[in-house]
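Please examine the structure shown below. The questions and answers that follow concern its ligand site and its nonpolar cores.

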Amino acid sequence: MALVNENYLKLPGSYLFSEIARRVSQFKEENPQADIIRMGIGDVTRPLVPAVIEAMHKAVDEMGRPETFRGYGPEQGYEFLAQKIIENDFLPRGVKLDVDEVFISDGAKTDTANFQELFGLDNIVAVTDPVYPVYVDSNVMAGRTGAFNAKGQFDKLVYLPCTEENGLKPELPNTKVDLIYLCYPNNPTGMTLTKDELQKWVDYARENRAIILFDAAYEAFITEDNVPHSIFELEGAKEVAVEFRSFSKNAAFTGTRCAYTVVPKELVVYDSQGQSHSVNRLWLRRQTTKFNGVSYPVQVAAAAVYSEQGKKQIKESIDYYMANAKIIREGLQEAGFKVYGGVNSPYIWMQTPDKMPSWDFFDKLMKKAHVVGTPGAGFGVSGEGYFRLTAFNTKENTVEAIERIKAKFRS
Ligand code: MLT
């Protein structure tokens, strides 16, 4: 008799964005004329830029000629891409890395979900609340949490509330934790931490031999100074942190799939005898066993993000989305809503009108205004009463969506 992994049975409902997609398609079926504007899942609308397309075409042609064809690549990615990543994303910020500290993958979602495999089940995991649900669900599936309780949280997980009272910035845990997920610029709140604020987390991790799993998928959207682009800009961070990055949102790779994870060689984890082990070696072992690398044309395409043309073209897209973020933020503020984010991030986190439950607001907004967003409660208990909008639609749709929200829900 085959037995189920009972940890899966602890998960309530479906994955957040699958549930949203289900509700939207049901509404669409019942209302085929509805002109729906999607500002829910953080999926981009601008296509791959010309520099990327050109590079990908060339690489596809190479795959069709015997003398340039490539079979299996290195599981951890090609050096040509890792080198470009280091030269462009890290060296200018004073962060030196070796190519074998950069692991190319098919997504930051995949990597943030998989990385927990390297750690024992007795580790105490801390997450911010609200939080990107993948960090929580992947730890539930692995068996690192207890049951889903009446409060709507998993036992044994340490939740770090980000509320209006603390300016949506988590406070250091008051119990000892071992693994800490941080995402900055934050999904879903769009907030950031300053260098000093993030340094406190690095110091905590150093004092407690904890590890920070730092998701920097939205780094490209930072506009303000004093906001760290990489956790490795901070003193001592290489001893305690892993960083996840993605080409999805900055370079339109949501459908193409390419990301990377930096695992410094200084980072160690301990066994029950107190012996230290290299996390870099463990991740390499994991990836070489379970992953066969990102396809060659996609890695060539990702490398083109760093060409002169690529950088220029991508900056245009980022500026375009950030102009949308401003339209959303200012439009909602003018209408009297309390709004966070949207300055260093493509996400805007708004309070629902009269603190309406966020799934109710989701349904009302979809039905009355034909605008889709993401209910804050889907990101955790502290997300209740909030709603996330993304800046990834077209400018025209963004303007139209804000007009519709104002018309139906002026706060
Ligand atoms: C989101 O909307 O939170 C993201 O698009 C989800 C993801 O990147 O997987």
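Q: How far does a polar side-chain atom of Tyr347 lie from an oxygen atom of the ligand?
A: This is a predicted model, in which local features need pLDDT of at least 70, side-chain atom pairs count only at pLDDT 80 or more, and totals for chains, interfaces and linings use all residues. Residues are numbered from 1 along each chain as its sequence is written, and side-chain values use heavy atoms, with hydrogens and water left out. A polar contact is a pair of N or O atoms within 3.5 Å. Between a polar side-chain atom of Tyr347 and a ligand oxygen atom, the distance is 3.5 Å.

Q: Which residue has a backbone N or O atom 2.6 Å from an oxygen atom of the ligand?
A: Arg388 approaches a ligand oxygen through a polar side-chain atom, at 2.7 Å. The backbone atom at 2.6 Å from a ligand oxygen belongs to Gly42.

Q: How many residues of the shell around the ligand are charged?
A: Residues around the ligand (a heavy atom within 4 Å) include Phe17, Lys109, Lys249 and Arg388. Asp, Glu, Lys and Arg count as charged. The shell divides into 5 nonpolar and 2 polar residues, and the charged ones number 3.

Q: From which domains does the largest nonpolar core draw at least three residues each?
A: A nonpolar core joins buried (under 20% relative accessible area, 1.4 Å probe, protein chains only) Ala, Val, Leu, Ile, Met, Phe, Trp, Tyr and Cys residues through side-chain atoms within 4.5 Å. The largest has 106 residues, and Phe253 is among those touching the most other members. Domain bounds come from an automatic or database domain assignment. This core draws at least three residues from each of domain 1 (12–47 + 309–409) and domain 2 (53–307).

How values were computed: Buried means under 20% relative accessible area, exposed over 50%, partly exposed in between (1.4 Å probe, protein chains only). A polar contact is a pair of N or O atoms within 3.5 Å; within protein, one must be able to donate a hydrogen and the other to accept it, and residues adjacent in sequence count only if both atoms are side-chain atoms.
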